[in-house]
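User: I'd like to go through some labels on this model and see what backs them up. Could you take me through the reasoning?

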Amino acid sequence: MKYFSTRGGSQELSFEETVLTGLAPNGGLYIPTFIPKLPENWKEDWEGYSFVDISVAVLSLYISRDELSEQELRSLVMKSYASFRHPEITPLKKLEDKKYVLELWHGPTWAFKDVALQLLGNLFEFFLQRRNEKNPKIIEKLTVVGATSGDTGSAAIYGLRNKANISIFILHPKDRVSPIQEAQMTTVTDANVHNLAVKGTFDDCQDIVKALFADTEFNAKHHLGAVNSINWARILAQTVYYFLAYFSLRRAIGEDVDVQFVVPTGNFGDILAGYYAKKMGLPMAGKLGVATNANDILARFWKTGRYEKADSSPLDDSPSMQPAAGSSDGKQATQDNSGVKETLSPAMDILVSSNFERLLWYLAYVNVPEDESDRRGKAGEIVAGWMNQMKSDGKVEVPASVLETARQDFCAERVSDEQILTSIQSHFSGIPSYVVDPHTAVGLFAAERMAQHNGPSVVQVILSTAHPAKFSEAVSTALKETPNFDFEGQIMPKEFNGLLQKEKRVVDVESADVDLVKSIIEARV
């Protein structure tokens, strides 16, 4: 298996090169040369597999045995998930006969990002160590840079702390992540960990990271590595829990289960993993459900075919998107109307969804005529044009045929802050009582709307992305009128006790300036 850029070019990389490179030199994202099909008897053979077993089986379809033997891959996977608190890693929990949640937050930082970033950290370490053993005279090092709206940063730090020959620099928007998220990052004082608090939004941080990768001289000097979901390994690792959920449902309901996955998403990585699982052959009766908050660039795309930062045609039938009382645990908002809106689900407060480019490539490819001599190259040219237009104009409109292709596999809904609070309240008062974080609440509320269009046999699985304790303000606001509700006693894990009082190490960056960030990195590696 080789990997190539969504923006074209003849370059093809191995899995190792793809993991260590992160972003393509032309600004594109790496995708596999083909999406492998599942083995003929996969349902029978994988039925009793553990999370580790399924990981090895799925990842093996994308990683050549010449690069990682089965024993090496299994060892890396086992090491990556040894610290998870639940034996099933990502357990499935029943809420109603037709509604389940897939809990993805049982890793070290209590968020779904741990599933991919624990593995990615170990892949970085393994590949570097192997290279340095082959050539001990020239020690190769990696400078990992990433942007976070909250959870990616801490998960990346926990995955890479104290790793040999790896430095990690995480940019977060100053005062715009929740206190717990900020503390999880900045209280890690290992020498190779560097937190940068940037005066700006998450999109500013993400733009700086992309600019660093685009600077060929700086990239070559410091050998940059990516931990954001622009790194293909992130997406690949996340496909695994879709399979685990499917088999868990089969055991609970029966072999012919009809499933729809609903995913709260901002950067489009988590749901893109589901798209790959579907194209590999995982049965999905319902369309993949895209659940967004007020920062609804994705929901607007599926409604209009326009991928645009600012809404040029407001949705008249949508509820108010003003922040509810108590917003927000992490504030990404800007002052002008075209900026990021402040919501109760701050990890999704993102203006442009980086991973959407990967889906756009597949949509473009399907709509390139089959008699085109270089369909892959033509699709790359189209995507490069769209991305350049998005960068210059802040918007791009795809042809009707491309939109229709997108609608074959996805549906989308946006959810307001008021609806987030309603969702948290209703699930807490439900049977069984279940406390959800605001991002999972987005998924649950959107799922209710999507269920109206499903057949009677469809069972929904909503991806639960974070433990509710990480977003105390939103949960407490929703449940403040609930008798006998005690956030500290009922919700807060003991691991969080005293976290906010620990020593912190963070560098303030006074403006969203790539040169300022460069100087900080230069001084510390």
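Analyst: Gladly! Keep in mind that this is a predicted model. A good place to begin is helix H18 (residues 472-479), whose buried residues are Ala474, Val475, Thr477, Ala478 and Leu479. The cover over the buried residues of H18 includes helix H16 (417-428), helix H17 (438-451) and helix H19 (487-490).

User: What makes Glu47 and Arg250 a salt bridge?

Analyst: The cut-off is a side-chain nitrogen of Lys or Arg within 4 Å of a carboxyl oxygen of Asp or Glu. Glu47 and Arg250 have an N to O distance of 3.1 Å, so the pair qualifies by that rule. Glu47 sits in the loop between helix H2 (42-46) and helix H3 (51-60) and Arg250 in helix H10, so the bridge ties together parts 203 residues apart in sequence.

User: Why is Arg250 called buried, and why does Glu47 count as partly exposed?

Analyst: Buried means under 20% relative accessible area, exposed over 50%, and partly exposed in between. Arg250 has 11%, so the label is buried. Glu47 has 23%, so the label is partly exposed.

User: How do you know that Glu255 is exposed?

Analyst: Its relative accessible area is 57%, and exposed means over 50%, so Glu255 earns the label. Glu255 is found in the loop between helix H10 (232-253) and strand S9 (258-264). Together with Glu44, Asp45 and Asp256, Glu255 forms a patch of negative charge on the surface.

Note on methods. Residues numbered from 1 in each chain as written. Predicted model: local features only at pLDDT ≥ 70, side-chain atom pairs only at ≥ 80, totals over all residues. Heavy atoms only, no water. Patch = residues over 30% accessible without salt bridge, like charges linked within 9 Å, V, L, I, M, F, W, Y side chains within 5 Å. Areas by Shrake-Rupley, 256 points an atom, 1.4 Å probe, with all protein chains shown as cover. Lys, Arg positive; Asp, Glu negative; His and termini not counted. Charge placed at Lys NZ, Arg CZ, Asp CG, Glu CD. Helix = DSSP H or I, 4+ residues; strand = E, 2+ residues; numbered from the N terminus. Buried < 20%, exposed > 50% of the residue type's maximum accessible area, 1.4 Å probe, protein only. Contact = heavy atoms within 4.5 Å.
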